[in-house]
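Open the model in your viewer and show it as a cartoon with side chains available. This tour goes stop by stop, from single residues out to the whole chain.

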Amino acid sequence: MILVTGATGRVGYRLLENLDDAGAPATAMVRTEAKAVDLPPRIQPLVGTLDGPPPSEVLQEFDQVFLLSPDIEAQAELEVIFVDALVAAGHQPRVLKVAYDGFQDPDCEVRFMRSHRQIAAHLDRTGLPVSYLAPNLYMDELASSADAVRDEASLPFPAGDARVAMVAARDVADVAAAILTGGTAADDGDVLVLTGPEALGFAEVADRISTVFARTVEYADLEPDAARSALRDGGLSPWEVDGRMELFEWIRHGTMDTVSDSVQKATGRQPRSLEDWLDEARAVFLSRPPGMPPPRF
């Protein structure tokens, strides 16, 4: 039995769809019963949180756990609490943990990566069998700039001339499903870096957007002050603003430009191209759906 945390997010929900399609026995951990309403039909809900996990007798039912949580200040603390609950259950489930590519670099001081390093160090101490998915920047991040693309013909990101091998969230979910259902192997300690098929500069990304949507869109390389202001105006906390600025400073140094073949090896197909992702996300760029988060690049 598979337990999926982060079940309603952009990776977790797509993973549940894959597991449902495969007929794999899976349970989604959700914060409230209301969150379970839209789960895929054969997915069982389980009410619980990382800091309020299900009791040991329930956790003992799961031999695999997909571990994913949002990039918030308490992320490491919350995941450690949940990992300790898995250990206390006493049955040593296999953990598939999602972390940013870069968490494995001890010199990376981006707070998101530091949080994942802390969690990974704790997992190592517990002795639980664990493998890691380390995605590059998600193509889905581009959706946060849909308003600017649509209304201003602009793609605003503080990325300089850096090239980034962005990956679709759906590809990350596909790799996770392949591992959790036994379609591909991931050994204890493995780190699978997940990228798209090519590394692109944001000016090139703007060109691809222009081609797909048949309108001219220009890349706007935001200065730090403008980027901070945009993030604050988008409603992010000071901690989140600082984290996003650290992340893009890391990106500006060319640290996310390496292309891997992990998606192809795990799924048997090439990762989605940016054009394919944009075509699938067309509705987001044509009109802002209800509930769309504010711009946060």
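Select Thr-195 first. In this predicted model, Thr-195 has a relative accessible area of 0%. Buried means under 20%, so Thr-195 counts as buried. Trace the backbone on either side: Thr-195 sits in the loop that links strand 9 (191-194) to strand 10 (200-201).

Now show what surrounds Thr-195. Leaving out residues up to four places away in sequence, Thr-195 touches Asn-136, then Ala-165, Met-166 and Val-167. Further along the chain, its contacts are Thr-258, Val-259, Ser-260, Val-263 and Pro-271. Add Leu-274 and draw a C-alpha to C-alpha distance from Thr-195. The viewer should give 11 Å, for a separation of 79 residues in sequence.

Next, select Val-217. Is Val-217 buried or exposed? Its relative accessibility is 2%, so Val-217 counts as buried. Val-217 is in the loop between helix 7 and strand 11.

Display the contacts of Val-217, again without residues up to four places away in sequence. Val-149 is one of them, and so are Ala-153, Ser-154 and Leu-155. Ala-206, Ile-209 and Ser-210 complete the list. Draw the C-alpha distance from Val-217 to Val-149: 6.6 Å, across 68 residues of sequence.

Stay in that loop and step back to Ala-214. The loop runs between helix 7 (202-213) and strand 11 (218-221), and Ala-214 belongs to it. Ala-214 has a relative accessible area of 72%, so it is exposed. Check its backbone torsions too. Most residues other than glycine have a negative phi. Ala-214 has a positive phi, near 55 degrees.

Where does Ala-153, a contact of Val-217, sit in the chain? Ala-153 occupies the loop between helix 5 (146-152) and strand 7 (154-157). Its phi is also worth a look: positive, at about 55 degrees, in a residue that is not a glycine.

Move on to Arg-228. Arg-228 is part of helix 8 (residues 224-233). With 29% relative accessibility, Arg-228 counts as partly exposed. Setting aside neighbours within four places in sequence, Arg-228 contacts Val-241, Asp-242 and Met-245. Pick the C-alpha atoms of Arg-228 and Asp-242. They are 8.1 Å apart, with the two positions 14 residues apart along the chain.

Now colour residues 2-229. An unreviewed UniProt entry places the feature "domain: NmrA-like" there. This span is 36% helix and 19% strand, and its end C-alpha atoms lie 41 Å apart.

Zoom out to the whole protein. How many helices and strands are there? The count is twelve helices and eleven strands. The C-alpha trace spans about 55 × 40 × 35 Å along its principal axes. The radius of gyration is 19 Å, which agrees with the value near 19 Å for a compact globule of 297 residues.

Colour by burial. Buried residues make up 55% of the 297. Then switch to a contact map: of the contacts between residues at least 6 apart in sequence, 75% join residues at least 24 apart.

Finish with the surface and the charges. The accessible surface comes to about 12800 Å², and carbon and sulfur atoms hold 49% of that. Select the 26 positive and 48 negative charges: their mean positions are 2 Å apart.

Terms used. Residues numbered from 1 in each chain as written. Predicted model: local features only at pLDDT ≥ 70, side-chain atom pairs only at ≥ 80, totals over all residues. Heavy atoms only, no water. UniProt positions renumbered as here; feature names shortened; annotations may be inferred. Helix = DSSP H or I, 4+ residues; strand = E, 2+ residues; numbered from the N terminus. Rg over C-alpha atoms; globule rule 2.2 N^0.38 Å. Buried < 20%, exposed > 50% of the residue type's maximum accessible area, 1.4 Å probe, protein only. Contact = heavy atoms within 4.5 Å. Areas by Shrake-Rupley, 256 points an atom, 1.4 Å probe, with all protein chains shown as cover. Lys, Arg positive; Asp, Glu negative; His and termini not counted. Charge placed at Lys NZ, Arg CZ, Asp CG, Glu CD.
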